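Got your viewer open? Let's walk through this one a selection at a time.

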Amino acid sequence: MLSCKDFLKELSDYLDESTSPGAKAELDQHLKECPNCWVVADTTKKTIQVYRGTEPRAVPDRLKFRLLAALESRMKARQKNC
Ligand SMILES: [Zn+2]
(Lines give C-alpha, C1' and ligand atoms only; values in the text may rest on other atoms or scores of the structure.)
Protein backbone atom coordinates (compact mmCIF):
# COMPACT_ATOMS: atom_id res chain seq x y z
CA MET A 1 0.00 0.00 0.00
CA LEU A 2 1.45 3.33 -1.05
CA SER A 3 1.70 6.26 1.31
CA CYS A 4 0.79 9.73 0.13
CA LYS A 5 4.47 10.59 0.08
CA ASP A 6 5.19 7.66 -2.25
CA PHE A 7 2.30 8.67 -4.40
CA LEU A 8 3.53 12.24 -4.77
CA LYS A 9 7.00 10.99 -5.63
CA GLU A 10 5.57 8.97 -8.52
CA LEU A 11 2.94 11.50 -9.53
CA SER A 12 4.88 13.25 -12.28
CA ASP A 13 5.79 9.92 -13.93
CA TYR A 14 2.20 8.82 -13.49
CA LEU A 15 0.90 11.89 -15.28
CA ASP A 16 3.51 11.41 -18.01
CA GLU A 17 2.36 7.81 -18.27
CA SER A 18 5.95 6.70 -17.90
CA THR A 19 5.39 4.46 -14.87
CA SER A 20 5.55 0.69 -15.21
CA PRO A 21 2.15 -1.06 -15.40
CA GLY A 22 2.63 -2.47 -11.89
CA ALA A 23 3.46 0.92 -10.40
CA LYS A 24 0.57 2.51 -12.27
CA ALA A 25 -1.87 -0.02 -10.81
CA GLU A 26 -0.66 0.84 -7.31
CA LEU A 27 -1.02 4.55 -8.00
CA ASP A 28 -4.52 4.03 -9.42
CA GLN A 29 -5.40 2.08 -6.30
CA HIS A 30 -4.12 4.86 -4.04
CA LEU A 31 -6.17 7.41 -6.00
CA LYS A 32 -9.31 5.37 -5.42
CA GLU A 33 -8.71 5.27 -1.69
CA CYS A 34 -7.32 8.73 -1.06
CA PRO A 35 -9.47 11.73 -2.05
CA ASN A 36 -6.67 14.10 -1.08
CA CYS A 37 -4.25 12.61 -3.57
CA TRP A 38 -6.99 12.44 -6.15
CA VAL A 39 -7.44 16.20 -5.88
CA VAL A 40 -3.69 16.75 -6.06
CA ALA A 41 -3.37 14.49 -9.12
CA ASP A 42 -6.34 16.12 -10.82
CA THR A 43 -5.10 19.65 -10.11
CA THR A 44 -1.59 18.81 -11.25
CA LYS A 45 -2.84 17.17 -14.42
CA LYS A 46 -4.92 20.23 -15.28
CA THR A 47 -2.03 22.58 -14.50
CA ILE A 48 0.27 20.58 -16.76
CA GLN A 49 -2.34 20.65 -19.50
CA VAL A 50 -2.57 24.43 -19.21
CA TYR A 51 1.20 24.75 -19.58
CA ARG A 52 1.21 22.31 -22.46
CA GLY A 53 -1.47 24.41 -24.09
CA THR A 54 0.67 27.52 -24.00
CA GLU A 55 4.07 25.98 -24.67
CA PRO A 56 5.00 23.74 -27.57
CA ARG A 57 7.21 21.59 -25.36
CA ALA A 58 6.47 19.54 -22.27
CA VAL A 59 6.54 21.14 -18.86
CA PRO A 60 10.13 21.54 -17.70
CA ASP A 61 11.04 19.09 -14.94
CA ARG A 62 12.10 21.99 -12.75
CA LEU A 63 8.62 23.48 -12.91
CA LYS A 64 6.95 20.15 -12.21
CA PHE A 65 9.23 19.61 -9.26
CA ARG A 66 8.40 23.01 -7.80
CA LEU A 67 4.70 22.41 -8.32
CA LEU A 68 4.85 19.04 -6.62
CA ALA A 69 6.87 20.41 -3.71
CA ALA A 70 4.29 23.15 -3.22
CA LEU A 71 1.43 20.66 -3.34
CA GLU A 72 3.20 18.32 -0.97
CA SER A 73 3.75 20.97 1.67
CA ARG A 74 0.16 22.11 1.31
CA MET A 75 -1.05 18.55 1.83
CA LYS A 76 1.16 18.08 4.86
CA ALA A 77 -0.34 21.16 6.41
CA ARG A 78 -3.87 20.02 5.72
CA GLN A 79 -3.76 16.34 6.68
CA LYS A 80 -1.77 14.32 9.12
CA ASN A 81 -3.34 10.88 9.09
CA CYS A 82 -3.21 9.72 5.49
ZN1 LIG B 1 -2.87 9.86 -0.57
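The tour starts at the metal and then follows the helices around it. Keep in mind as you click that this is a predicted model.

**Stop 1: the zinc ion.** Select the zinc ion and show its protein donors: Cys4 (SG), His30 (NE2), Cys34 (SG) and Cys37 (SG), which sit 2.0 to 2.3 Å from the metal. What geometry do the four donor atoms make around the zinc ion? Turn on the angles: they run from 98 to 116°, so the arrangement is tetrahedral. For reference, the ideal angle for four tetrahedral donors is 109.5 degrees.

Now colour the donor residues along the chain. Their spacing in sequence reads C-x25-H-x3-C-x2-C. Pick out Cys4 and Cys34 from that set: this pair links distant parts of the chain, 30 residues apart. Cys4 belongs to helix H1, whereas Cys34 is in the loop between helix H2 (21-33) and helix H3 (35-54).

**Stop 2: H1 against H2.** Stay with Cys4 and bring up the whole of H1 (residues 4-16) together with H2 (21-33). The two axes come within 10 Å and cross at roughly 120°, which makes H1 oblique to H2. The crossing of H1 past H2 is left-handed.

Next, show side chains. On the H1 side, select Cys4, Phe7, Glu10 and Tyr14; what they meet in H2 is Lys24, Leu27, Asp28, His30 and Leu31. Sorted by class, the residues of this H1 and H2 contact are five nonpolar, one polar and three charged. Two names should ring a bell here: Cys4 and His30 are among the zinc donors.

**Stop 3: H1 against H4.** Hide H2 and select helix H4 (residues 61-78). How far apart are the axes of H1 and H4? They are 11 Å apart, with a packing angle of about 150°, and the two helices are therefore roughly antiparallel to each other. This time H1 makes a right-handed crossing past its partner H4.

For the contact itself, pick Cys4, Lys5, Leu8, Leu11, Ser12 and Asp16 from H1, then Lys64, Leu68, Glu72 and Met75 from H4. Colour this H1 and H4 contact by class and you'll get five nonpolar residues, one polar and four charged.

Technical notes
Residues are numbered from 1 along each chain as its sequence is written. This is a predicted model: local features need pLDDT of at least 70, side-chain atom pairs count only at pLDDT 80 or more; totals for chains, interfaces and linings use all residues. Side-chain values use heavy atoms; hydrogens and water are left out. Axes are lines fitted to C-alpha atoms, for helices over the stretch in contact, and angles run from 0 to 180 degrees between N-to-C directions. Helices (H or I, at least four residues) and strands (E, at least two) are DSSP runs, numbered from the N terminus. Angles under 35 degrees count as roughly parallel, over 145 as roughly antiparallel, 65 to 115 as roughly perpendicular and the rest as oblique. A crossing is left-handed if the near helix is turned anticlockwise from the far one by less than a right angle, and right-handed if clockwise. Contact means heavy atoms within 4.5 Å. Ala, Val, Leu, Ile, Met, Phe, Trp, Tyr, Cys and Pro count as nonpolar, Asp, Glu, Lys and Arg as charged, and the others, Gly among them, as polar. Donors are N, O and S atoms within 2.8 Å of the metal (3.2 Å for Na, K and Ca); water is not among the atoms, so sites may look incomplete. Four donors count as tetrahedral if all angles lie between 85 and 135 degrees; four count as square planar and six as octahedral if opposite donors are over 155 degrees apart and all others between 65 and 115; anything else is irregular.
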